[in-house]
Amino acid sequence: MRTFGLSIAGVILALAVAAGVVAAPVHVQAAEFVIKLGHVLPTNEPIHQANERMAQRVKEKSKGRVEIQVFPASQIGSNRDTYEQARMGAPVICHIDPGYAAELGDLDIAIMNGPFLFESWDQAKKVLTSPLVGAMNENLRKKGNIRVLSWGYYFGQRHIISDKGYPTPADIKNKKVRVPPNVMWVETFKAMGAVPTPLQWAEVYQGLAQGVVDAAEAPLSTLLGSKLHEVKKVITLTGHFKAVVGLAIGEQYFQSLPKDIQQLLAEEAEENGRWVSPITI
């Protein structure tokens, strides 16, 4: 007697054919360009949600040719890590702020993150779209191999969270304050007599809990999104920086893209900043 063996999958397929319910195979076309967008913020931050929105819009407008993969919470590294990836020609879009940008190509651009510089986001926008900043962007492109897609992202006023309030600069003297590791912000806190202590954002919660630092400073949305209120209970509403951030891409990779894709990325980066900035204000 002859025997025949059928796999389970084969049996299911045979039954499906007999029933006439076999669907036609689905062919999913792979994206022509796959770009990573990395940042250090948690997924409940408005700017992360804006990044996801931009990814969807770029996919739709490019008819699937471009896929932007968003990696939050330092999944592909710190801000500085993503800058270096982009500068080396990797297909990476990074968050950038004037303080870090100064280290990459034009020291003068650091002034955009100076303390108490702007009274409003409208004032900041006028400066950020001026020929002055345009020239700084060009220096950044030439010297740092980084192309700014947009400076149009308002990251909110930065405030200080700790165990106690700091009504005057004298109250913060000798306090260890977590400050992002860029020169403008470090020097600002030194001028107030504090001890600026750079930590990567992913380390701030633990640093506050363990007493590595006495305080940290960030926009309210970030203080909440990173749950820093679980370890420190008092926020001093200083508004000392009206933080500006942008999206940037490596110049080498940008120039390898077709002109229509270059234009799409720049336009959507600008549009997305207009969408999210009223939320972070």
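**Exercise 1. How many helices and strands are there in the protein chain?**

Let's start with the overall picture. This is a predicted model, where local features need pLDDT of at least 70, side-chain atom pairs count only at pLDDT 80 or more, and totals for chains, interfaces and linings use all residues. Residues are numbered from 1 along each chain as its sequence is written, and side-chain values use heavy atoms, with hydrogens and water left out.

- Step 1: look for helices (H or I, at least four residues) and strands (E, at least two), which are DSSP runs numbered from the N terminus. The protein chain has eleven helices and nine strands.
- Step 2: check pLDDT, the predictor's confidence in each residue, from 0 to 100. Its mean over the protein chain is 89, and 90% of the residues reach 70 or more.
- Step 3: find the weak spot. Over residues 1-17, pLDDT stays under 50, and the model has five contacts (heavy atoms within 4.5 Å) beyond four places in sequence for them. Where pLDDT is low, the predicted coordinates should not be read in detail.

**Exercise 2. Work out where strand E3 sits and which strands it pairs with.**

- Step 1: test for burial. Buried means under 20% relative accessible area, exposed means over 50%, and partly exposed is in between (1.4 Å probe, protein chains only). In E3 (residues 92-96), five of the five residues are buried, so the strand is largely enclosed by the rest of the structure.
- Step 2: sort the side chains. Val92, Cys94 and Ile96 point one way from E3, while Ile93 and His95 point the other way.
- Step 3: look for partners; two strands pair if DSSP finds at least two bridges between them. Strand E1 (residues 33-38) runs parallel to E3, joined by three bridges. Strand E9 (residues 242-250) pairs with E3 in the antiparallel sense over four bridges.
- Step 4: zoom in on cysteine 94. Glycine 38 stands opposite cysteine 94, and cysteine 94 also stands opposite alanine 248 in E9.

**Exercise 3. Find out which parts the salt bridge between glutamate 271 and arginine 57 ties together.**

- Step 1: recall the idea. Side chains of opposite charge can pair when their charged atoms come close. The cut-off for a salt bridge is a side-chain nitrogen of Lys or Arg within 4 Å of a carboxyl oxygen of Asp or Glu.
- Step 2: check the distance. The side chains of glutamate 271 and arginine 57 meet at 3.6 Å, N to O. Glutamate 271 lies in helix H11 (residues 259-280) and arginine 57 in helix H2 (residues 46-61), so the pair ties together parts that are 214 residues apart in sequence.
- Step 3: check the cover. Glutamate 271 counts as buried at 19% relative accessibility, whereas arginine 57 counts as partly exposed at 22%.
- Step 4: try another pair. Lysine 61 and glutamate 268 meet in a salt bridge of 3.2 Å, N to O. Lysine 61 lies in H2 and glutamate 268 in H11, so this pair ties together parts that are 207 residues apart in sequence. Glutamate 268 is buried at 3%, but lysine 61 is partly exposed at 49%.

**Exercise 4. Is asparagine 137 buried or exposed?**

- Step 1: place the residue. Asparagine 137 is in helix H6 (residues 131-144).
- Step 2: use the cut-off. Its relative accessibility is 19%, so asparagine 137 counts as buried.
- Step 3: list the neighbours. Leaving out residues up to four places away in sequence, asparagine 137 touches Ile109, Val148 and Trp151.
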